Amino acid sequence: MAAVRGYQRAISPRRPPCCHFTPTCSAYAVEALERHGARRGSWLTVRRLVRCRPGGRRGADPVPDC
């Protein structure tokens, strides 16, 4: 989670907004890691990053409950 927080503080403010989903991919990663732990949270984050691409889906994509 420290890597995601570091990205949010150091890199993200310098880049133009590009995330197609709500919440942003980094906020999704933090929430997924907090709610589901390192293993499942990392898996959910990787899945989300793969879906966040030009020409892909847009809109709300909350962290699943289970």
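**Cysteines and a helix pair**

Searching the whole structure, which is a predicted model, turns up 0 disulfides. Cys19 is in none, and the nearest cysteine sulfur to that of Cys19, belonging to Cys25, sits 3.3 Å away. A disulfide here calls for two cysteine sulfur atoms within 2.5 Å, so Cys19 and Cys25, at 3.3 Å, don't make the cut. Cys52 tells a similar story: the closest cysteine sulfur is again in Cys25, at 3.5 Å, and that is too far for a bond.

As for solvent, Cys19 comes out as partly exposed, with a relative accessible area of 27%. Cys52 also counts as partly exposed, at 21% relative accessibility. Buried would take a value under 20%, so Cys52, at 21%, stays in the partly exposed class.

Turning to the helices, α1 covers residues 2-11 and α2 covers residues 25-51. Their axes come within 10 Å and cross at roughly 155°. Angles over 145 degrees count as roughly antiparallel, which means that α1 runs roughly antiparallel to α2. The crossing of α1 past α2 is left-handed. On the α1 side, the residues making the contact are Val4, Arg5, Tyr7 and Gln8. From α2, the contact draws on Ser26, Ala27, Ala29, Val30, Leu33 and Glu34. Sorted by character, the residues of this contact come to 6 nonpolar, 2 polar and 2 charged. Among the nonpolar ones are Val4 and Tyr7 of α1 and Leu33 of α2, while Arg5 of α1 and Glu34 of α2 are charged.

Methods: Residues numbered from 1 in each chain as written. Predicted model: local features only at pLDDT ≥ 70, side-chain atom pairs only at ≥ 80, totals over all residues. Heavy atoms only, no water. Axes fitted to C-alpha atoms, helices over the stretch in contact; angles between N-to-C directions. Helix = DSSP H or I, 4+ residues; strand = E, 2+ residues; numbered from the N terminus. Parallel < 35°, antiparallel > 145°, perpendicular 65-115°, else oblique. Left-handed = near helix turned anticlockwise from the far one by under 90°. Contact = heavy atoms within 4.5 Å. Buried < 20%, exposed > 50% of the residue type's maximum accessible area, 1.4 Å probe, protein only.
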